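Thanks for coming. I will take this one piece by piece, so please keep the structure open while I talk.

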Amino acid sequence: MNAEKLYYISKNQFQKLRVDFVKYLDDIDSFLDEALDNGLLTQSNIEGIMSEKDSNSQKRRLHNILYKKLPDGSREFVSALKKSEHEEIITLLDEQSVYPMKFKTHGRVVLINNVKFDDEEKYPERLGSEKDVEGITKLFTAFNFDVQLYSNKTAEEMEDSILKEAAESTANEDCFVMFLMSHGALGNIVGVDGEKLPYSTINKILKKSTPLKNKPKLIYVNTCEINPTEKDIKKYFNVPDLYVTFATVPESLAFPTDESGSVFIKCLISVYETNKDRCDISSLSLDINSQVSKEGNEISMDQVSSSFSTLKKNVILRAKD
């Protein structure tokens, strides 16, 4: 657990931890020293705490004082816990702000990859996309997901596949992931038949799916000419517990490279792989955006990725041993 990453602790969150805080704060003197040193507690606070008759009473009084100092004192609180080596409490705080990943297989990755299209003049073959598929499959298998590949599907077949996978998600799955890789148009992904599947239709599928309710849903859209505005994105996707990342921003394309796959997927895999021991999906969005922009500049292409989120907690993925 990186103390710097956990710097907002709500009063409600800390109140739920009251019993465990008393249980696991086994070195109150060390914690008080660190909290005094960083300004979280005053000398008067400490004198009042130490006036209590026994250790548990001291810890409960400390909890009451800290409760009043949160969330503003979150960073100092976590720092004092870290420096006084109370890792158990940090872990408990972290777990309260993270979607649970408790099952051996966390869920399914629906990977739609359209490569060859009926109208090759209008929609050229997406060369190099097999590298994207290989990289995604390897990465998310390591993250304990089952990857379901759907290649070269019409618009209707894509819709049917998403409906099927959303319906088949079980209570023993923590998370739902989907990659949409094809040509695109404003608000749509293009099928191999040239017909378009609107993102708003995909949104309806996710919204109506009872098995996906309250689960984090991660959607990665790697299409050309998507050109969404912030208003468009909110119109397309408004499902709770959703994180959507687009390969492009308005007035930009998603560029492939024949040798190594698309710029967006290559950068995403690189960032997640580097952080595979603790892959914090939301916080790594900035790293992906930065790397996509840098990679695009190196091949003289202007591309920047973007994301949209209705997540209520953090999504943390970890590679299996």
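P71 lies in the loop between α5, residues 55–69, and α6, residues 74–83. A cis peptide bond joins L70 and P71, with omega at about 5 degrees. Keep in mind that what you are looking at is a predicted model, and that applies to this bond as well.

Two other loops hold a backbone feature to look at. E85 is in the loop between α6 and α7, the latter being residues 87–96. Its phi is positive, about 65 degrees, although E85 is not a glycine. Is E85 buried or exposed? Its relative accessibility is 64%, so E85 counts as exposed.

The other one is N144, in the loop between α8 and β2, where β2 is residues 145–151. N144 is not a glycine either, and its phi is near 75 degrees, a positive value. N144 has 18% relative accessibility. The cut-off for buried is under 20%, so N144 counts as buried.

Now the strands. Please find β7, residues 217–223. How many of its residues are buried? Seven of the seven are, so the strand is mostly covered. K217, I219, V221 and T223 point one way from β7, while L218, Y220 and N222 point the other way. Residues on both sides are buried.

β7 has pairings with β3 and β8. With β3, residues 175–182, the pairing is parallel and runs over seven bridges. Within that pairing, S182 stands opposite T223 of β7. With β8, residues 242–246, the pairing is again in the parallel sense, over five bridges. There, V221 stands opposite F246 of β8.

There is also an open sheet of three strands, in the order β4-β5-β6, and its pairing is antiparallel. β4, residues 184–185, and β6 stand at the edges with a single partner strand each, so one side of each has no neighbour in the sheet. Two bridges join β4 to β5. One pair you can pick out is G184, whose bridge partner in β5 is I189.

Next, charges. Side chains of opposite charge can pair when their charged atoms come close. How many salt bridges does a search of the whole structure find? The count is ten. I will go through three of them.

The side chains of R108 and E165 meet in a salt bridge, 2.7 Å from N to O. This pair links distant parts of the chain: R108 is in strand β1, residues 107–113, and E165 is in helix α9, 57 residues apart. R108 and E165 are both buried. They also belong to a network of salt bridges that links R108, K164, E165, E168 and E173.

The second is E52 with R61, where the closest N and O atoms are 3.0 Å apart. E52 counts as partly exposed, at 26% relative accessibility. R61 is also partly exposed, at 34%.

The third is K276 with E273, with the closest N and O atoms 3.3 Å apart. K276 is partly exposed, with a relative accessible area of 34%, and E273 counts as partly exposed at 37%.

Some charges gather at the surface instead. There is a negative surface patch formed by D118, D119, E120, E121, E125, E130, E134, E156, E157, D160, D193 and E195. Which helices supply at least two residues each? They are α8, residues 129–142, and α9, residues 155–168. α9 gives the most, with three residues. E195, also in the patch, sits in the loop between β5, residues 188–190, and β6, residues 196–198.

One last position is S260. S260 is in the loop between β9, residues 256–257, and β10, residues 261–262. S260 is partly exposed, with a relative accessible area of 30%. The C-alpha atoms of S260 and E130 are separated by 8.9 Å, although the two residues are 130 apart along the chain. E130 is one of the residues of the negative patch.

To go back over it: the cis bond joins L70 and P71, β7 pairs in the parallel sense with β3 and with β8, and the R108 and E165 pair links distant parts of the chain. That is what I have.

Terms used:
Residues are numbered from 1 along each chain as its sequence is written. This is a predicted model: local features need pLDDT of at least 70, side-chain atom pairs count only at pLDDT 80 or more; totals for chains, interfaces and linings use all residues. Side-chain values use heavy atoms; hydrogens and water are left out. Patches are made of residues with over 30% relative accessible area and no salt bridge: like charges are joined within 9 Å, nonpolar side chains (Val, Leu, Ile, Met, Phe, Trp, Tyr) within 5 Å. Accessible areas come from the Shrake-Rupley method with a 1.4 Å probe; for residues, only the protein chains shown count as cover. A salt bridge is a side-chain nitrogen of Lys or Arg within 4 Å of a carboxyl oxygen of Asp or Glu. Lys and Arg count as positive and Asp and Glu as negative; His and the chain ends are not counted. The place of a charge is taken as NZ of Lys, CZ of Arg, CG of Asp or CD of Glu. Helices (H or I, at least four residues) and strands (E, at least two) are DSSP runs, numbered from the N terminus. Buried means under 20% relative accessible area, exposed over 50%, partly exposed in between (1.4 Å probe, protein chains only). Two strands pair if DSSP finds at least two bridges between them.
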